[in-house]
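Dear colleague,

I am handing over the structure we spoke about, and it is shown just below. After it you will find a written account of what came out of the analysis, arranged by region.

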Amino acid sequence: MTMVDPPTRPGGAKVPWGPRGTAAATFAGRLAFEHVSRSFNETAAVNDISLELEPGETLCLLGPSGCGKTTLLRLAAGVDRPTSGRVILDDEEIAGPNTFVPAERRGVGLMFQDFALFPHLTILQNVAFGLRKLDRATAHEEALLALKRVGLERYADDYPDVLSGGEQQRVALARAIVPRPAVLLMDEPFSGLDQRLRDEIRAETLAVLRETRATCMLVTHDPQEAMWLADRIALMREGKLVQLGAPDELYNHPVDIEAARFFSDFNEFDVTVENKQLKTPIGSFAAPKGHSEGASAHVMVRPQGIALAGARTKNAFEAYVSGVRFVGESTYAFLAVEGYDQQITARLAGAAKVAHGEIRKFSVLPEHLLIFSGKISI
Ligand code: ADP
C-alpha cells in the first residue's frame with residue numbers, strides 16, 4: 001500500500017499519522033452565546049442562554065427531551081436565527097440583531113441524528129463532499145486519510161448501502177472531521193445505534209475529537225453519554241441553562257434536586273433538623289451549615305451509596321432483605337426497614353452475598369449522600 005504524505009498545516013508542520021492514521025488537527029474555535037433566546041409562537045425554546053466554549057473543549061448540552069438543546073445547536077450551525085442575543089465564533093458575530101452568517105460560511109462541521117449519506121455517491125465521494133473547494137486529487141487524498149482513521153478505507157469505492165449502521169456512522173464522523181472544522185456540532189449522533197455499537201463508536205469519536213482538537217458541542221439526553229464525552233456539561237431545563245460544569249461537579253454537587261435526579265436514582269427522605277442531626281430510616285447525618293433547628297431538609301442517597309456494614313461500622317442500620325437481583329457488575333438488594341413503609345434500594349458492588357429473607361446491617365457511604373434544604377413531596 002502506498003503511504004500518503006501527511007498533510008501540511010499552516011506554518012508548515014506535518015501532521016503525524018499513526019498506523020491507522022490519525023485525524024488531522026484543526027484550529028479550534030471559540031464559540032460563544034450571549035443572552036441568546038429563540039421563541040416559537042411566543043414560547044421560548046431557548047431562553048436567555050449565555051455560554052462560552054473554550055477552543056478544543058467538548059461541551060455536552062444535556063437535558064430532557066424538549067428542553068431546547070437542538071434549538072441551541074441549530075442556532076450555532078446557522079440553520080436557524082435567534083430571536084434575540086448574539087452568537088459569536090472567535091471574534092466574529094455570526095448571528096445577532098443585524099448579522100447572520102449562513103451555515104456554509106461558518107466553518108462548522110455537522111453530525112446530526114439522521115446521518116444520511118448520499119446513496120448515489122461512493123463512500124470516498126461522500127467523505128470528500130465537504131472538500132469541494134480543494135482540487136479533486138487532494139480532496140480524495142484527505143478523504144482517504146479520514147476514512148483510514150475510522151478503519152474503513154477498504155470501502156472507499158463502494159456505495160453506502162454495503163455498510164452497517166455503525167459503519168455508516170463512522171463514515172459520517174469521517175465526513176464531519178475531514179474539512180477540519182473549527183467547531184463540530186453533533187446532535188444525538190449515537191442514538192440510532194444499539195448499546196454495544198454505541199459504546200464503540202462513542203469511544204472512537206472521543207479519540208477522534210481529542211486528535212482533531214476541534215471545539216465540539218454535542219447534544220444528548222443521556223447523562224452517561226454526556227459524562228463519558230464531555231469536558232463540561234451544560235444542563236438545560238425548559239430552555240434555560242440550569243448548571244454548567246465538569247461531569248463530576250454536576251454529579252457530586254447538583255444545583256437542585258431535579259439536577260441530582262437527572263444523573264442517578266435516589267432513595268429520598270423528607271426530614272426535620274433535630275439536635276443538628278437529620279434522622280432518616282437509614283441513618284442519622286449531620287445537618288450541613290445553614291440548616292437551622294426545626295427546618296425541613298431533603299436527604300437523598302444513591303442506591304450505590306448503601307453498602308453492607310462491617311461489625312464495627314458506625315451509623316449502621318438493620319434491614320430485612322425483601323429481594324435480590326444480580327445484574328453483573330452489581331447486585332440490587334431491596335430493603336425493608338422497621339417503621340418505614342417504603343422500599344429502599346441498595347446497589348451493592350459485584351456479586352454481593354445477601355439473600356432474600358435475611359436481616360442484615362447496612363450503612364451509607366457519605367460520597368453518595370446529598371442534602372438539600374426544604375421539603376418536597378416525593
Ligand atoms: P430538545 O432538543 O431538547 O429535545 P428542541 O430544541 O428540539 O428540544 O425543542 C425545544 C422546544 O421548542 C420544544 O417545545 C419544541 O416543540 C419547540 N420547537 C422546536 N423547533 C420548533 C419549530 N420549528 N416550531 C415550533 N416549535 C419548535
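**Strands β1, β2 and β4**

Strand β1 pairs with strand β4 (residues 84-89) in the antiparallel sense, over 5 bridges, and within that pairing Leu-31 has Leu-89 of β4 as its bridge partner. Please keep in mind throughout that this is a predicted model. β1 (residues 31-40) also pairs with strand β2 (residues 43-53), again in the antiparallel sense and over 7 bridges, with Phe-40 standing opposite Thr-43 in β2. β1 and β2 form a hairpin with 2 residues between them, and one residue of the turn, Asn-41, has a positive phi of about 50°.

**The sheet of 6 strands and its helices**

An open sheet of 6 strands follows the order β7-β8-β9-β3-β10-β11, and its pairing is mixed. Its edge strands are β7 (108-111) and β11 (240-245), each of which pairs on one side only, and neighbouring strands in this sheet are turned by 20° against each other on average, when direction is ignored. At the β7 edge, β7 and β8 run parallel and are joined by 4 bridges, among which Val-108 finds its bridge partner in Val-183 of β8.

Helix α5 (residues 195-212) packs on the sheet, where it touches β3, β8 and β9, and its direction makes about 165° with that of β8. Helix α1 (residues 69-77), for its part, lies across β3 (58-62), β7, β8, β9 (215-220) and β10 (232-237), and runs at about 150° to β9.

**Salt bridges**

As general background, side chains of opposite charge can pair when their charged atoms come close. A search of the whole structure finds 19 salt bridges, one of which brings together the side chains of Arg-180 and Glu-142 at 3.1 Å, N to O. Glu-142 belongs to helix α3 (residues 136-149), whereas Arg-180 lies in the loop between α4 (165-177) and β8 (183-187), so this pair ties together parts that are 38 residues apart in sequence.

**Two domains and the interface between them**

The domain assignment divides the protein chain into domain 1 (31-259) and domain 2 (264-373), and the C-alpha centres of domain 1 and domain 2 lie 40 Å apart. How many residues of each domain are in contact with the other? On the side of domain 1 there are 6, and these are in contact with 9 residues of domain 2.

The area buried between domain 1 and domain 2 is about 540 Å², with carbon and sulfur atoms giving 63% of it. Of the area that domain 1 buries against domain 2, 81% is supplied by Tyr-251, Pro-254 and Ile-257, which is more than any other three residues supply. As for polar interactions, the rule finds 0 salt bridges across the interface of domain 1 and domain 2, while the count of residue pairs in polar contact between domain 1 and domain 2 is 2, with both residues at pLDDT 80 or more.

**Strands β12, β13 and β15**

Strand β12 (residues 267-274) and strand β15 (residues 296-301) run antiparallel and are joined by 6 bridges, with Val-271 standing opposite Ala-297 in β15. β12 also pairs in the antiparallel sense with strand β13 (residues 277-280), over 2 bridges, and here Glu-274 stands opposite Gln-277 in β13. The hairpin of β12 and β13 has 2 residues between the strands, and in it Asn-275 takes a positive phi near 50°.

**The sheet of 5 strands**

An open sheet of 5 strands has the order β16-β20-β17-β18-β19, with antiparallel pairing. Its edges are held by β16 (306-308) and β19 (344-349), and each of these has a single partner strand, so one side of each is left without a neighbour in the sheet. Neighbouring strands of this sheet are turned by 50° against each other on average, direction ignored. Further in, strand β17 (residues 317-326) and strand β20 (residues 359-364) run antiparallel and are joined by 4 bridges, and the bridge partner of Phe-317 in β20 is Phe-362.

With best regards

Conventions
Residues are numbered from 1 along each chain as its sequence is written. This is a predicted model: local features need pLDDT of at least 70, side-chain atom pairs count only at pLDDT 80 or more; totals for chains, interfaces and linings use all residues. Side-chain values use heavy atoms; hydrogens and water are left out. Two strands pair if DSSP finds at least two bridges between them. Axes are lines fitted to C-alpha atoms, for helices over the stretch in contact, and angles run from 0 to 180 degrees between N-to-C directions. Domain bounds come from an automatic or database domain assignment. Contact means heavy atoms within 4.5 Å. Buried area is the accessible area (1.4 Å probe) that two parts lose on being put together, summed over both. A salt bridge is a side-chain nitrogen of Lys or Arg within 4 Å of a carboxyl oxygen of Asp or Glu. A polar contact is a pair of N or O atoms within 3.5 Å; within protein, one must be able to donate a hydrogen and the other to accept it, and residues adjacent in sequence count only if both atoms are side-chain atoms.
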